[in-house]
Amino acid sequence: MGTKASEFEVVDADGKSLSTKITGTFTATETATKSDWTIIAGTNAATNDQMRYKVEITGPEGNIFVGKIPQNVPTEKRLRIKVGDEISSTFIVSDDVYTMAKDATLKFFGIQRSGDSKSWFHGPSHTKDGGGAITTAGDTTSSFDASRAGSLAGGWYDCGDHLKESQTMAYAFMTLAVMHATNPGKDVDHYDYNQGEFVKTDGVPDVLREAKHGADFFLKAYEFAKGVVDDMPVSVGSFGSDHGWWGRPEAQDYLPTDNSSVATDRGGPAARIVRLGELGANISSDIAAGLAILSKDYAKYDKKFADSCLVVAEKMYAFAKDLAQGKTFKNNKTTFSSPAYNGNNEFTDDLALASVALLYATGKKDYADDMIRTTELFKGQRIIDGAGFFAGGWFAADASGMLKNVKNTSWANAHSFALYALYKLILADKTKATSEYGLTEAERLAAIEDCLADMIANLSDVSGNIGSESVVLPAGGAAFKANTVKYNPIWYTMLTDQKWNFNRYQAGNIFEVLAYADVAADIEKQGATLPAMASTGLKASEMRQLGINQLNYMLGVNPWDVSFVYGVGDKNDAHPFHRAANAEGKNWPGLAYRYNAPVGALVGWQDPATTSMNPDRLSWENFYISEVTLNAATLLTSALTLVSNGGSDYYEKKCDNCDTTEASPFSNEVYTTAYHYTINKMDFFNVQFVNETLEDLDSVVAYIYFDASEEDIDACGAIFDNDICQAYDIGGFNKVCDNDRELRNLLRSTPPVKVEDTYNKDKNTYTWAQAISVGTIGLGGRLRLDIGISSGTKANGKCETFRTPSKVKVTDGWSFTAHSESKDTPAYDGAPDWDKDQGDIQQPPRDPYIVIRSKGKLLWGYGPGETTSDRIGFVKSITIAKARMQVAKNKLYVLASAQGTKTVKIFDMLGNQLMAQDFYGTRAEVNLTKLPHRGALIARVTQNGKTLATQSIKVK
């Protein structure tokens with residue numbers, strides 16, 4: 001785009017020509033495009049000035065040129081396209097490329113897991129779910145009950161928050177089960193249950209294993225309800241309270257369970273209400289479908305679990321059927337919609353799918369009848385004859401068909417999955433359909449035709465007038481439905497019924513296109529004679545290519561030249577609306593964490609009809625564009641499954657201890673920050689004590705060191721006085737310190753203590769230690785002290801302040817002056833001179849020369865002389881690694897204690913090995929400039945098959 005070149009070259013990842021130069025030619029088009037993108041990065045929500053930087057990017061502009069990559073390019077290696085001096089992002093030509101992308105999207109499910117679920121991304125989280133107050137339609141009937149805590153642990157988080165929503169969890173569970181059952185050969189075992197481990201796997205296909213994680217939660221809900229489906233709680237969390245917290249999920253379990261604001265307003269255990277009445281016939285049916293499939297497909301791995309799945313599936317289906325036919329229950333109505341997910345007022349699509357799944361699992365005639373035979377199954381059912389009009393059952397829904405009428409496949413619509421499952425699980429195999437599932441051949445052929453016609457009608461409905469390109473497919477019997485699939489000729493997009501989170505709904509379109517292509521290809525292959533429609537000319541290959549083009553848009557062929565799937569491709573957005581991944585929204589003081597790309601997530605983004613991306617707020621706050629969701633990953637995983645091939649050894653990595661489980665993002669440290677300001681020429685220091693651990697610290701004493709003569713101290717020339725004391729808890733709430741008066745009195749009555757062996761003969765001074773009895777700092781909390789240094793006079797043997805400037809320049813003393821790096825101590829620029837409230841706007845620098853102890857144990861800092869001789873390492877006790885690594889200016893520096901030959905290996909976050917370099921001796925320097933990836937990577941040092949060190953690194 002924006003070039004006049006007629007030729008391109010395929011080059012290697014370093015931009016160099018291949019051993020045999022490979023070129024191709026461009027074909028000019030009359031289509032033009034352009035793009036721009038403004039990124040506004042944030043600091044965190046706890047600071048007043050939250051903008052970190054702003055970058056404006058303008059993409060190429062002009063006509064689009066199209067080139068076809070020659071067939072003789074190397075496979076299974078990273079390549080680039082070069083046009084003149086311009087070079088593209090890397091790409092791979094491989095039969096496995098969509099399998100790789102599918103593996104990535106599946107890892108997002110691991111990120112969204114709740115409970116003690118071996119997430120590769122975070123630690124055990126919300127393990128007390130089930131203990132919260134039980135509510136029905138907002139009516140609370142209990143309070144937090146510790147005896148129930150943990151009874152509803154598990155499930156998946158909804159989006160960038162920590163709510164567990166029945167709509168999206170049930171839909172995700174159902175689709176995972178369906179995609180495994182319909183494509184078992186494409187569901188392989190690349191990961192352990194912990195997806196950070198991909199060598200020693202668990203022996204269970206990955207999609208099926210993830211589906212079991214969902215099943216485990218719903219079985220817990222059944223046990224919670226003592227077997228009464230109407231009493232099953234399948235949603236956990238309070239919308240307002242959960243959204244009042246921005247932080248990692250594993251930290252929320254540490255919030256209190258009392259009636260304090262931090263307990264009720266920050267999504268902690270007490271605020272995670274247990275919500276009844278959120279099943280309806282629609283959600284119950286999705287859960288029943290997933291459980292039914294697992295009862296059959298998981299039996300070879302765990303028969304007892306599989307049997308339990310079938311028991312609950314049949315009960316939930318019966319419950320959903322009762323609701324659909326008008327029976328009333330205490331908690332649930334016919335359909336369920338929530339404030340966050342409203343508009344799902346249909347149930348026939350979900351019940352149709354459930355009947356398919358239960359017929360697949362049991363072969364019982366009753367389910368076949370409910371699927372396509374029974375008439376007058378629900379109120380208002382009409383039976384019409386013709387292609388696309390089912391003879392009966394739940395599939396004879398809207399106008400006697402499984403029609404969704406200009407609505408995208410998403411959390412609210414299971415029509416496409418129902419039709420796809422009907423064909424793949426029941427109809428495709430003639431022998432199984434007639435012998436195992438009890439259909440006549442006439443019923444089978446009629447259902448195939450109806451299935452095909454409805455798929456075409458539904459695709460036409462989501463075409464709209466979006467573009468000039470189209471594919472004309474065979475017409476069905478519904479004269480009121482079109483049979484033309486239209487799409488945008490540049491980006492291959494189709495109609496979405498919402499502009500918010502555009503990619504999510506487009507992913508539903510992609511699944512629908514590829515599901516049709518899969519079914520159509522099989523019908524063409526079988527050559528069966530259908531009652532009215534032809535079984536040829538279905539254009540399966542053309543539709544499959546459309547779906548692939550649509551996937552390629554998601555993976556980087558778009559106006560912004562970025563992959564919308566995190567962890568896939570060289571370039572991603574880095575500001576997702578996702579609490580566990582992105583700390584830009586963090587609104588509480590402690591437990592800071594770094595950005596970790598949410599691998600496999602699909603960013604919401606916007607319709608490419610508007611190619612200018614200009615947020616009206618911080619990029620991460622643009623949640624209608626920046627949010628990543630469970631539902632989007634569900635749809636994208638389903639679509640990618642249809643074009644994947646199951647993978648090969650290319651992705652089954654063989655390496656030493658290839659566990660890429662995300663290390664704890666928390667520093668697990670205690671530290672101080674400090675800055676200096678003056679009021680009426682009197683020195684003040686804002687000193688903050690931060691507890692980044694998950695434990696309360698008590699009996700905390702801090703030590704500030706400064707230089708003064710004995711005469712100055714005796715003459716009350718340096719009196720430390722507490723001016724402000726504010727305590728911030730883990731939820732971000734602050735108040736005056738409980739021990740404020742006690743702290744002030746202790747400071748005034750505790751004079752500085754001389755540090756032995758620190759006499760400076762030239763200045764006639766000693767170094768003095770002023771102890772500050774801080775008291776308790778709660779886990780994840782922070783304490784702010786504003787300390788004034790003044791002069792005064794002695795009265796009754798004690799110094800009383802005049803609130804006049806100190807005679808001692810404490811700013812020049814040990815704790816606040818600049819230090820050069822030495823063998824044993826770090827460099828420090830000294831406490832900056834700021835305005836009094838500057839610390840409310842930006843994070844003050846850490847001060848390593850203020851010492852913190854708890855119960856006498858050194859936690860932080862360097863003191864003068866022998867005052868911190870008990871220090872073990874800097875900041876906190878550390879275990880000395882057998883190898884250490886540090887990145888500086890695109891080079892990785894390695895220091896290893898072991899002798900002999902060692903190897904440095906670099907992996908991306910999907911576990912793909914990017915490079916390896918051997919070295920001998922104790923030091924190595926690795927050039928990272930030629931890496932095909934940037935961003936978060938994994939570096940590992942190995943020797944003789946053993947790992948010496950593994951470390952996350954970031955390459956710019």
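Biologist: Tyr317 first: buried or exposed?
Modeller: Tyr317 is buried, since its relative accessible area is 3%. Buried means under 20% relative accessible area, exposed means over 50%, and partly exposed is in between, with a 1.4 Å probe and protein chains only.

Biologist: What should I know about the model before going on?
Modeller: This is a predicted model, so local features need pLDDT of at least 70 and side-chain atom pairs count only at pLDDT 80 or more, while totals for chains, interfaces and linings use all residues. Residues are numbered from 1 along each chain as its sequence is written, and side-chain values use heavy atoms, with hydrogens and water left out.

Biologist: Back to Tyr317. Which helix is it in?
Modeller: Tyr317 sits in helix 8, residues 303–324. Helices (H or I, at least four residues) and strands (E, at least two) are DSSP runs, numbered from the N terminus.

Biologist: And what does Tyr317 touch?
Modeller: Beyond its neighbours within four places in sequence, Tyr317 contacts Ala288, Leu351, Ala354, Ser355, Leu358, Tyr367, Asp370 and Trp394. Contact here means heavy atoms within 4.5 Å.

Biologist: Which side chain makes a polar contact with that of Tyr317?
Modeller: The side chain of Trp394 does, at 2.9 Å. A polar contact is a pair of N or O atoms within 3.5 Å; within protein, one must be able to donate a hydrogen and the other to accept it, and residues adjacent in sequence count only if both atoms are side-chain atoms.

Biologist: Ser355 was on that list. How far is Asp366 from Ser355?
Modeller: Their C-alpha atoms are 8.9 Å apart, with the two positions 11 residues apart in sequence terms. Asp366 belongs to helix 10, residues 365–372, and is exposed because its relative accessible area is 54%.

Biologist: Changing topic. Where is Asn686?
Modeller: Asn686 is in strand 17, which covers residues 682–691. With 1% relative accessibility, Asn686 counts as buried.

Biologist: What does its side chain pair with?
Modeller: The Asn686 side chain has a polar contact of 3.1 Å with the side chain of Gln688. Another polar contact, at 3.4 Å, goes to the side chain of Asp786.

Biologist: And which residues does Asn686 touch, leaving out those up to four places away?
Modeller: Those are Thr673, Ala674, Tyr675, Tyr677, Arg784, Leu785 and Asp786. Asp786 is thus a name you have heard already, as a polar partner.

Biologist: Now loops. Where is Leu530, and is that residue buried or exposed?
Modeller: Leu530 lies between helix 14 (502–526) and helix 15 (540–554), in the loop. Leu530 counts as buried because its relative accessibility is 6%. Past four places in sequence, Leu530 touches Leu445, Ile448, Glu449, Leu452 and Ser535.

Biologist: What about Gln899, buried or exposed?
Modeller: Gln899 is exposed, at 53% relative accessibility. The loop that holds Gln899 runs between strand 28 (891–896) and strand 29 (901–907). Thr922 and Gln943 are what Gln899 touches outside the residues up to four places away.

Biologist: Which residues other than glycine have a positive phi?
Modeller: Among them are His126, with phi near 50 degrees, and Asp757, with phi near 60 degrees. His126 is in the loop between helix 1 (97–112) and strand 9 (134–136), and is buried at 0% relative accessible area. Asp757 is in the loop between strand 21 (753–754) and strand 22 (766–777), and is exposed at 80%.

Biologist: Whole chain, then. How many helices and strands?
Modeller: There are 19 helices and 33 strands. Of the 956 residues, 58% count as buried.

Biologist: What is the radius of gyration?
Modeller: The chain has 32 Å, which agrees with the value near 30 Å for a compact globule of 956 residues. The radius is taken over C-alpha atoms, and the globule rule is 2.2 Å times the number of residues to the power 0.38. The C-alpha atoms fill a box of roughly 110 × 75 × 50 Å along the principal axes.

Biologist: How many of the contacts join residues 24 or more positions apart?
Modeller: Such pairs make up 68% of the contacts with a separation of 6 or more.
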